[in-house]
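Please find below my notes on this model, set out as numbered points. They are best read with the structure open.

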Amino acid sequence: MLIYCREKKTSYRCPRDGRPYIVLQTSSIGKIALMTTTLDTGISNARNVNRYLFGSGTIGQLTTLLSERRKKKEKQVVYLVDEYFETNSSALGMSSPEPEDQLIYISTRDEPTTQSIDQLTEKINGSSKKEICAVVGIGGGITLDTAKAVSNLLTNGGSASDYQGWDLVRIPGVFKIGVPTLSGTGAEATRTCVMTNKDTDLKLGMNSDHTVFDQLILDPNLTATVPRDQYFFTGMDAWIHCVEALNGSYRNSIGDAFSNQAIALCRSVFNGEDMMSDESRGKLMVASYLGGCAIATSYVGVVHPFSAGLSVVLDLHHCVANCIVMMAMEPYYPKEYGEFRTFIDRNEIVLPRDVCQGLSDAQFDALYRATIVHEKPLTNALGTGFSSEMTKTRVRELFERM
Ligand code: ZN
């Protein structure tokens, strides 16, 4: 259906359901042809995690799950665990690994690179004297993504950069178990593991059915010791994924249902009395999983491309970068911008500000390039003509507001 709009605005929304219109053409007299048709996500035959355990204390079942994998002949398990637990192992409440297993702590200072994944896989292969029957990732998005990538590389060989893209992983990875200790990114649910190639600055995951975890353990006890700020920033990632998906044009009914439910859970957590109560942590863990399922069948919008720019150029972590970007998103997500400000105030969160102050022209150029490269999310949010809105000047102006 085509409709015409008289005034020129930054973005156009359907008065009925608030969905953004896609701008087809701008005429000389300022009237704009708009299309309301939903775009096809191109995602079919969606894959979800095979099995999950949910509830307080479910990490206690990890040993039993692994003993099923070890039987018949002696095999080893590779544990990749967030470095936080190296000095806080009691917070995990799990049994110690067997002597033949490999336990490696993952630094979360930097997000995974294809180079760091290659080095880690080489290290695991070098120390492995027995067949590896499972890779267990215990941690936040960085650790879970690392576990997914390593599992795929152990069986597929080659370098992580060979598989950055869509459906390039040839065969299933080693059986992988994900145990999130942070809620929000949805890394536990998705078919990707995000890595930056430092040689090319390409931030892109191994998007593949083989990247999906075979088993999850969703135990809300594990998020009790997360610092409040980090808990908030990471939780907001789930909310932002769903906000972007529901405001986009690539849509499907299942993705919408996952998104709506995840948003409802986030609202209840971040508008509630205590975002970190036992009940809230349980709800946010479910929101994270559902948000991951949502984004696996839809696309993000304007926030994530800008956030990727901040990560690539200024090394800011994904979740805090998203929150910084949200502060400049009033023109694109006006209603959600207001809600985000309420979440920040209610939970007394201090957000880094003016992160782009004093940057050089070359750095702003790099930010522009690292943002505009994300064509699919920008098309999802602004239509195929997104580059006429996201000019170099406009992009810089938005970064300057952050
Ligand atoms: Zn995200």
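1. Start with the packing of two helices, α4 and α9. Their crossing is right-handed. On the α4 side the contact is made by Phe232, Met236, Trp239 and Val243. On the α9 side Glu336, Glu339, Phe340, Phe343 and Ile344 take part. By class, seven of the contact residues are nonpolar, none is polar and two are charged. Note that this is a predicted model, and the points below should be read as such.

2. How are these two helices oriented? Helix α4 covers residues 228-246, and helix α9 covers residues 334-346. Their axes come within 12 Å and cross at roughly 165 degrees. Angles over 145 degrees count as roughly antiparallel, and α4 and α9 are therefore roughly antiparallel to each other.

3. Helix α4 has a second partner, α6, which spans residues 278-296. Here the axes are 9 Å apart, and the packing angle is about 40 degrees. That makes α4 oblique to α6. The crossing is left-handed, whereas that of α4 and α9 is right-handed.

4. Which residues make the contact of α4 with α6? From α4 come Tyr231, Gly235, Ala238, His241, Cys242 and Ala245. From α6 come Ser280, Arg281, Leu284, Ala287, Ser288, Gly291, Ala294 and Ile295. The split is eight nonpolar, five polar and one charged. Set this beside the contact of α4 with α9, with its seven nonpolar, no polar and two charged residues.

5. Now the metal. Which residues are the protein donors of the zinc ion? They are Asp237, through two OD entries, and His241, His304 and His318, each through NE2. The donors lie 2.1 to 2.8 Å from the zinc ion. Along the chain they follow the spacing D-x3-H-x62-H-x13-H.

6. Helix α4 supplies two of these donor residues. Asp237 and His241 both lie in α4, four residues apart, about one turn of the helix. Asp237 is buried, and so is His241. His241 thus has two roles to check in the viewer: it is a zinc donor, and it is listed in the contact of α4 with α6.

7. Look next at Ser311, in helix α7 (residues 303-314). Its relative accessible area is 8%, so Ser311 is buried. Beyond four places in sequence, Ser311 touches Glu111, Lys203, Leu316, His317, His318 and Ala321. One of these, His318, is also a zinc donor.

8. Val325 sits in helix α8 (residues 318-326). Is Val325 buried or exposed? At 0% relative accessibility, Val325 counts as buried. Setting aside neighbours within four places in sequence, Val325 contacts Val303, Phe306, Ser307, Leu310 and Met402. The C-alpha atoms of Val325 and Phe306 are separated by 6.6 Å, with the two residues 19 apart along the chain.

9. Lys75 deserves a look. Its place is the loop between α1 (62-70) and β5 (76-82). Lys75 has 16% relative accessibility. The cut-off for buried is under 20%, so Lys75 counts as buried. Not counting residues up to four places away in sequence, Lys75 touches Arg69, Arg70, Glu100, Glu131 and Cys133. Lys75 and Lys129 are 54 residues apart along the chain, and their C-alpha atoms are separated by 9.2 Å.

10. Two backbone entries should be inspected. Asp167 is not a glycine, yet has a positive phi of about 55 degrees. Asp167 is in the loop between β8 (165-166) and β9 (176-180). With 52% relative accessibility, Asp167 counts as exposed.

11. The second entry is Glu348. Its phi is near 50 degrees, again positive in a residue other than glycine. Glu348 is found in the loop between α9 and α10 (361-372). Glu348 counts as exposed, at 70% relative accessibility.

12. Last, the chain as a whole. There are 13 helices and 13 strands. Of the 402 residues, 55% are buried. Among contacts with a separation of 6 or more, residues 24 or more positions apart account for 76%.

Methods
Residues are numbered from 1 along each chain as its sequence is written. This is a predicted model: local features need pLDDT of at least 70, side-chain atom pairs count only at pLDDT 80 or more; totals for chains, interfaces and linings use all residues. Side-chain values use heavy atoms; hydrogens and water are left out. Donors are N, O and S atoms within 2.8 Å of the metal (3.2 Å for Na, K and Ca); water is not among the atoms, so sites may look incomplete. Buried means under 20% relative accessible area, exposed over 50%, partly exposed in between (1.4 Å probe, protein chains only). Axes are lines fitted to C-alpha atoms, for helices over the stretch in contact, and angles run from 0 to 180 degrees between N-to-C directions. Angles under 35 degrees count as roughly parallel, over 145 as roughly antiparallel, 65 to 115 as roughly perpendicular and the rest as oblique. A crossing is left-handed if the near helix is turned anticlockwise from the far one by less than a right angle, and right-handed if clockwise. Contact means heavy atoms within 4.5 Å. Ala, Val, Leu, Ile, Met, Phe, Trp, Tyr, Cys and Pro count as nonpolar, Asp, Glu, Lys and Arg as charged, and the others, Gly among them, as polar.
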